[in-house]
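The following note sets out several points for a student who is reading this structure for the first time. Each point may be checked against the sequence and the coordinates shown below.

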Amino acid sequence: MAATLCVKRCQMDAIQIENKKAIIDLDRCIGCGLCITTCKKEALSLLEKTKKTIPPRNAAMLYLGILSDKVSKQKMMGNMLKLLTGRQL
């Protein structure tokens, strides 16, 4: 039961228990440290990520980033112009 406290504390669903060990999904972990506060001393520790993710400034920047990952730059620019001019997509 104690091993699942860190799983419950993780708001990003980044921890799974397999064979009585915590497995961390580093792509989901945001490094908040909530899991550390519920685990036995030194059972888990935070390490600095090699790839740092900078959060977007606002929702518009978030959605533009998602859009740029999904479509070509030309299509993205067209969609941005539509957004700026108020035309429907």
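**Notes on the predicted model**

1. Thr38 is placed in the loop between E2 and H2. Its relative accessibility is 24%, so Thr38 counts as partly exposed, a class that lies between buried, under 20%, and exposed, over 50%. Leaving aside residues up to four places away in sequence, Thr38 touches Leu5, Cys6 and Arg9. Measures along the chain and through space should be kept apart: Thr38 and Glu18 are 20 residues apart in sequence, and their C-alpha atoms are 18 Å apart in space.

2. The structure is a predicted model, and its confidence should be stated early. The average pLDDT of the chain is 82, and 94% of the residues score at least 70. Among the elements of the chain, strand E1 (residues 15-18) has the highest mean pLDDT, 90, while H3 has the lowest, 81.

3. Asp27 also belongs to the loop between strand E2 (21-24) and H2. Is Asp27 buried or exposed? With a relative accessible area of 77%, which is over the 50% limit, Asp27 is exposed. Asp27 and Thr53 are 26 residues apart along the chain, and a distance of 10 Å separates their C-alpha atoms.

4. The largest nonpolar core consists of 6 residues, namely Cys6, Cys10, Ala14, Ile15, Cys35 and Leu44. One of these core residues is Ile15. Which residues does Ile15 touch, not counting those up to four places away in sequence? They are Cys6, Val7, Cys10, Ala22, Ile23, Ile24 and Cys35. Cys6, a member of this core, is also among the residues touched by Thr38.

5. Two residues deserve attention for their backbone angles. Asp13 has a phi near 50 degrees, a positive value in a residue other than glycine. Asp13 is located in the loop between helix H1 (5-9) and E1, and it counts as exposed because its relative accessibility is 58%. Asn19 likewise has a positive phi, near 55 degrees, and is not glycine. Asn19 occurs in the loop between E1 and E2, and its relative accessibility of 75% is the reason that Asn19 counts as exposed.

6. The last point concerns a pair of helices. Two packed helices are described by the distance between their axes and by the angle between those axes. The axes of helix H2 (residues 59-70) and helix H3 (residues 73-85) come within 8 Å of each other and cross at roughly 150 degrees. The crossing of H2 and H3 is right-handed. Leu64, Leu67 and Ser68 of H2 make the contact with Met76, Asn79 and Met80 of H3. Sorted by class, the contact of H2 with H3 has 4 nonpolar residues, 2 polar residues and no charged residues. When this contact is described, it should be recalled that H3 is the element with the lowest mean pLDDT.

Terms used
Residues are numbered from 1 along each chain as its sequence is written. This is a predicted model: local features need pLDDT of at least 70, side-chain atom pairs count only at pLDDT 80 or more; totals for chains, interfaces and linings use all residues. Side-chain values use heavy atoms; hydrogens and water are left out. Axes are lines fitted to C-alpha atoms, for helices over the stretch in contact, and angles run from 0 to 180 degrees between N-to-C directions. Helices (H or I, at least four residues) and strands (E, at least two) are DSSP runs, numbered from the N terminus. A crossing is left-handed if the near helix is turned anticlockwise from the far one by less than a right angle, and right-handed if clockwise. Contact means heavy atoms within 4.5 Å. Ala, Val, Leu, Ile, Met, Phe, Trp, Tyr, Cys and Pro count as nonpolar, Asp, Glu, Lys and Arg as charged, and the others, Gly among them, as polar. Buried means under 20% relative accessible area, exposed over 50%, partly exposed in between (1.4 Å probe, protein chains only). pLDDT is the predictor's confidence in each residue, from 0 to 100. A nonpolar core is a set of buried Ala, Val, Leu, Ile, Met, Phe, Trp, Tyr and Cys residues joined through side-chain atoms within 4.5 Å.
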